[in-house]
Amino acid sequence: MASKAQKRPLALQIVLFVTLVVWMIAAAFPFFWTLWGSFKVEADFFSLNNWTNALTGRMTEIETGDTFTTQGYYGAWVQEEFWRAAWNSTLVCLFVVSISLTFGTLGGYALARSTYRYAFWFLLIALIFRAMPPITLVSGYLPVFFDWNIWGYLPTAIIVLVAINQPFTLWMLHSFFKNIPQDLDESAMVDGCTRFQAFRYVIIPVMWPGVITTGLFSFLLAYNDFAVTAMILDKQNQTMVPKIASFLGTTQTKGNVMFAVAAVVSTTAPLFLLIMFFQRQIVSGLTAGAVKG
Amino acid sequence: MKHNAFFWFVLPSATAMMLFIFFPIVSVVIQSFHVAHEQVIIEVENCGPFGCTTATAIDQEATAALREEQPLGRFAGLEIYKDRNHLAVNEFAQTWQQSEGIGDFVVRLMNLPFYKALGFTLTYVAVVTPLTILFGFIIAVAVNSAARSLRGPLIFFTLLPNIVTPLIGGLILFWMVDARGVIGTALRYLADDPSLSVKADTGLMWIMLMVYGVWSSAPFAFIVYYAGLQTVSTDTLEAARIDGASRWQQIRHVVIPHLLPLTTFIALIQLMDNFRVFEPIISFNAQAHATSLSWAIYNDLSGETQQLSSAAATSVLTVIGVAILLSPVLVRTYRSYGKA
């Protein structure tokens with residue numbers, strides 16, 4: 001498709017190529033380096049004498065008899081019970097995503113179909129809520145949660161994350177439902193459906209692409225959250241990210257930072273798969289706000 | 001849609017936001033005007049065989065009763081806002097009088113916790129936002145020029161730094177720039193200074209935090225620009241070419257005007273996100289060199305004794321900051337949707 005006039009001069013080609021290579025190294029290399037290093041001992045991963053030790057695993061061989069070791073993973077998952085955090089994260093993500101989407105589709109649909117002024121104000125207020133850093137809300141939660149004795153439990157964290165997620169979910173689904181032709185549910189209502197039946201039988205079957213995209217971002221918010229979950233979950237119920245942060249406090253003194261490295265790699269792996277399988281949806285979600293203008 | 005149906009449809013969502021966003025805001029504002037009760041001190045006279053002595057003791061009962069009666073604490077007005085850990089009105093005035101010149105004033109101001117946090121937060125926002133946009137644009141142009149079959153994997157790796165948990169992304173970089181890590185070693189070699197350590201140097205720490213910021217947000221700018229580049233009208237480009245526009249003129253007069261609205265969008269989202277910078281400071285263990293407003297709230301709440309009122313006051317100040325930054329977005333949304 002490139003015509004002669006469009007053909008780039010050689011110098012420009014080279015500049016673009018170098019940019020790409022440099023950026024790819026910057027973006028991907030840290031992850032592969034950490035993945036590789038997570039199978040070494042600390043003396044290799046942090047080597048003052050010779051940085052190539054991290055590649056060859058010289059100290060790892062001396063200490064364990066092999067150039068690869070799963071000590072870090074064993075320490076994190078078994079000794080420090082990271083599996084518990086992983087299970088908590090699974091529960092939190094599962095419930096946050098399903099509840100957010102249920103609330104969000106109902107609300108987003110109504111906001112997309114209402115022509116009254118208050119729907120606009122509702123969205124504007126949601127936008128204000130979306131802009132507030134979640135951590136500013138935490139000092140409002142704590143006294144009440146302590147008082148009612150619900151601090152530290154997973155359901156509390158789930159409902160808080162759902163609420164924090166709502167503004168974003170509503171905006172995204174609202175703009176998505178706007179793109180579904182209004183005639184679709186209106187003709188169902190002419191045929192005698194109630195509003196809810198029209199939603200149930202006509203809109204739900206066609207809404208899945210948008211719901212999946214929104215769900216991915218709800219998942220990421222719940223999975224990546226540190227500020228809120230670190231403050232409102234107790235040690236037993238910690239999810240993965242606060243757990244990793246707590247490793248830093250306890251294990252750095254013990255000289256076992258490799259637990260944290262292994263936990264970091266374990267937490268990144270699902271995200272890696274997520275981007276791999278849902279790249280198209282993530283791209284469309286990230287650009288959704290912009291394309292609309 | 002009828003009022004009635006609308007009400008039932010938005011009810012779950014509205015309830016969740018009401019209970020866990022709106023009420024907490026109200027509660028934070030109220031809390032920021034109150035301080036915890038001091039313990040009630042009573043004087044007790046102990047009379048023994050050698051005469052009487054008076055001692056002070058804590059009246060546990062009265063303290064508990066007082067706390068029960070007014071659970072919010074003592075009303076303090078703007079006291080917390082004015083104290084040393086927040087706006088530090090007195091210290092501010094003092095510093096202003098004592099310091100010689102504006103530079104000295106700023107340096108001294110950075111010793112006050114709130115201004116230290118505000119200083120870093122604003123610098124971070126001001127540096128990271130434009131760099132993110134610039135790098136995002138460059139990467140988008142570069143990826144757009146690559147062969148079609150390569151673009152999928154290129155986008156995959158580009159997205160990684162943005163999608164990965166901020167705390168984790170920060171840690172991964174931090175371990176590499178550690179004096180014993182691979183980038184740390186390279187830096188020492190390049191600077192030819194065997195004692196160079198990012199952890200020990202405030203300037204380097206600020207730079208590293210901002211490098212992290214650009215690294216993790218550039219992919220967002222990239223993806224928006226990349227999507228924008230796909231929709232540049234080829235007709236307009238061709239017309240420009242026929243009229244004799246050079247490559248640069250095509251970019252300057254066709255591509256950039258097309259991408260401009262996207263730039264405002266990215267800038268607004270980035271301003272919002274960068275203002276809440278928090279996780280990298282935890283990852284980099286940087287609190288000695290750099291703090292942010294979000295970090296200050298976290299620090300108040302996670303200490304041995306939770307300083308709720310202090311955290312609440314910082315929260316209110318942070319929200320005011322966000323509101324100032326956000327006002328253009330609100331006006332824009334109001335204009336574009338309000339007409340309908």
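The domain assignment divides chain B into domain 1, covering residues 39–75, and domain 2, covering residues 122–286. In this predicted model, the centres of domain 1 and domain 2 of chain B, taken over C-alpha atoms, are 60 Å apart.

A good place to start looking is within the bounds of domain 1. Here strand β2 of chain B (residues 41–48) pairs with strand β3 of chain B (residues 51–58) in the antiparallel sense, through eight bridges. Together β2(B) and β3(B) make a hairpin, with two residues between the strands. One of the pairings can be followed by eye: Glu43(B) has Thr56(B) in β3(B) as its bridge partner. As for its surroundings, strand β2 of chain B has eight residues and the number buried is zero, so this strand lies largely in the open.

Further along the chain, the UniProt record, an unreviewed entry, lists residues 118–329 of chain B under "domain: ABC transmembrane type-1". Helix makes up 80% of chain B over residues 118–329, while strand accounts for 0%. The C-alpha atoms at the two ends of residues 118–329 of chain B lie 22 Å from each other.

Chain B also meets a partner, chain A. Their contact draws on 77 residues from chain B and 77 residues from chain A. On the side of chain B that touches chain A, the most is given by helix α1 of chain B (residues 3–31), which supplies 16 residues. By residue class, the side of chain B that touches chain A holds 58 nonpolar residues, alongside 14 polar and five charged ones.

Definitions and conventions
Residues numbered from 1 in each chain as written. Chains lettered and ligands numbered in written order. Predicted model: local features only at pLDDT ≥ 70, side-chain atom pairs only at ≥ 80, totals over all residues. UniProt positions renumbered as here; feature names shortened; annotations may be inferred. Helix = DSSP H or I, 4+ residues; strand = E, 2+ residues; numbered from the N terminus. Contact = placed C-beta atoms within 7 Å. Nonpolar A, V, L, I, M, F, W, Y, C, P; charged D, E, K, R; others polar. Domains from an automatic or database assignment. Buried ≥ 20, exposed ≤ 12 C-beta atoms within 10 Å, placed from the backbone. Pairing = 2+ DSSP bridges.
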